[in-house]
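Please work through the exercises below with the sequence and the model side by side. Each one sets a task and then solves it step by step.

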Amino acid sequence: MSGERVFLLGGHQTDFKRNFTREGLGLFELMQEAVEGALDRTGIEPEDIQVAHVGNFVGELFCGQGQLGGLFAAIRPEFSGLPAARHEGACASGSLAALAAQADIKAGHYDLACVVGVELMRNSDAQTAADHLAAAAWNGREGQDAQWMWPYMFAKLGDEYERRYGLNREHLVRIAQVNFENARVNPNAQTRAYELSDANFSENDDANPVVEGRIRKTDCGQITDGGACVFLASERYAADYAARRGLSLDAIPYIRGWGHRTATMRLEDKLAESHNNPYVMPHVRGTITDAFGRAGIAGPEELDVIETHDCFTTTEYMAIDHFGLTKPGESWKAIEEGVIDKDGALPINPSGGLIGCGHPVGCTGVRMLVDAHKQVTGAAGDCQIDGARTAATLNIGGSGTTTVSFVVQAAA
């Protein structure tokens, strides 16, 4: 691909605490609010947008709605006639949309792309929502005994860590606590008003019931209505955008590196493939090292903050060693040493992550990029990590089937 840098001009996230169905609103209004909010925050003129990429997983199942490029075109008269495409990769759908926008820009097809991720999920009861989300597993070939597919699958990820390296419940508890604590100061977080006691993180079946296997209630990401939008631009457009605001191009962050890998569908096949590898999911490790390699960085010591996929505590536990914060199987060390805490050496999920902030599935990858932009521009408010200049994201779809990582860099 072209060596031209792709710049992030900023964006917007909806309030993940809201229930759009209860407000009489739907998927279109959710997308519209994300895009209009991004236009307002960035000052970009709608007629400047040349292409749109939409991330969404299961609009057809939750809302009976496909053809989401047409919904984008309905937001503004200026959008009618623009090329728009919808991208699906389960929980990594938003990151796939961003990759497609980046490719458009690097290829020289367009100078300004609108990337929007959207998922409306709180219009269903919990079991129906779980059944819809199970479409990211191999239907009929895995998880047949599960009532709750994804807690079941990621409990098995924890079981694999237990088998290979040992896994203590207290380390998963601390991951959950950090994410809920961080979410309390995030004005867009779904759980910001939650009042949780020690009992909610305990093995008390009333206060913290078992969902599947080792996964309890506070180990889980949230079912969320949410939209996020971010603008990606060529260097030419970014320079003009900066000049119109009396800034230099060095004030605009850019995508320094990226990785994208797809693994075989069934979790048991992924784990079997990795049996001789120290990493439980080597393709996830490869996605991260691809991003590091393209960014020209040696490892996590060159990062200031990470926004990672924590659909469950076991997923973040896996991300810690796969990012290289510890040796394989030793994620517990970074947890015990406070490395991942907001004031730690390499904070993870100052937004609250999927557990604290919320997980509107097809939106999550875009939300991560919005938060990465905020961090490296010093605009993250009470979630800000002091001095953050380099941020990484990790977005995982299904049982690690689709994995995308970005490295976002403050330009100066």
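The exercises that follow deal with a strand, single residues, cysteines, rings and backbone angles.

The model is predicted, so local features need pLDDT of at least 70 and side-chain atom pairs count only at pLDDT 80 or more, while totals for chains, interfaces and linings use all residues. Residues are numbered from 1 along each chain as its sequence is written, and side-chain values use heavy atoms, with hydrogens and water left out.

**Exercise 1. Describe the surroundings of strand E2 (residues 51-55).**

Step 1. Helices (H or I, at least four residues) and strands (E, at least two) are DSSP runs, numbered from the N terminus. A residue is called buried under 20% relative accessible area, exposed over 50% and partly exposed in between, with a 1.4 Å probe and protein chains only.

Step 2. Five of the five residues of E2 are buried, so the strand is largely enclosed by the rest of the structure.

Step 3. In a regular strand the side chains alternate between the two faces of the sheet. In E2, Val51, His53 and Gly55 point one way and Ala52 and Val54 the other way, and all are buried.

Step 4. Strands pair if DSSP finds at least two bridges between them. E2 pairs in the parallel sense with strand E4 (residues 112-119) over five bridges, and four bridges join E2 to strand E3 (residues 84-87), which also runs parallel to E2. Histidine 53 stands opposite valine 115 in E4 and opposite alanine 85 in E3.

**Exercise 2. Where does histidine 359 lie, and what is its side chain's polar partner?**

Step 1. Histidine 359 is placed in the loop between helix H13 (353-356) and helix H14 (364-376).

Step 2. Its relative accessibility is 7%, and therefore histidine 359 counts as buried.

Step 3. A polar contact is a pair of N or O atoms within 3.5 Å; within protein, one must be able to donate a hydrogen and the other to accept it, and residues adjacent in sequence count only if both atoms are side-chain atoms. The side chain of histidine 359 makes such a contact, at 2.6 Å, with the side chain of threonine 364.

Step 4. With contact meaning heavy atoms within 4.5 Å, and leaving aside neighbours within four places in sequence, the residues that histidine 359 touches include Cys91, His309 and Cys311.

**Exercise 3. Explain why cysteine 63 forms no disulfide.**

Step 1. A disulfide is a pair of cysteine sulfur atoms within 2.5 Å, and the structure holds zero of them.

Step 2. The closest cysteine sulfur to that of cysteine 63 is in cysteine 363, 13 Å away, which is too far for a bond. Cysteine 63 itself is partly exposed, at 29% relative accessibility.

Step 3. Cysteine 357 is likewise in no disulfide, the nearest cysteine sulfur being that of cysteine 383 at 8.0 Å. Cysteine 357 is buried, with a relative accessible area of 0%.

**Exercise 4. Classify two of the aromatic pairs found in the whole structure.**

Step 1. Rings of Phe, Tyr and Trp (its six-membered ring) pair if their centres lie within 6.5 Å; planes under 30 degrees apart count as stacked, over 60 as edge-to-face and the rest as tilted. The search finds ten pairs.

Step 2. Tyrosine 237 and tyrosine 241 are stacked, with 6.5 Å centre to centre and 20° between the planes. These tyrosines are four residues apart in helix H8 (residues 235-244), so about one helical turn separates them.

Step 3. Phenylalanine 292 and phenylalanine 323 form a tilted pair, with 6.4 Å centre to centre and 45° between the planes. Because phenylalanine 292 lies in helix H10 (residues 282-295) and phenylalanine 323 in the loop between helix H11 (313-322) and helix H12 (331-336), the pair ties together parts that are 31 residues apart in sequence. Both phenylalanines are buried.

**Exercise 5. Examine the phi angles of alanine 90 and asparagine 349.**

Step 1. Most residues other than glycine have a negative phi.

Step 2. Alanine 90 has a positive phi of about 55° although it is not a glycine. Alanine 90 is found in the loop between E3 and helix H4 (93-106), and is buried at 7% relative accessible area.

Step 3. Asparagine 349 also has a positive phi, near 55°. Asparagine 349 lies in the loop between H12 and H13 and is buried, with a relative accessible area of 0%.
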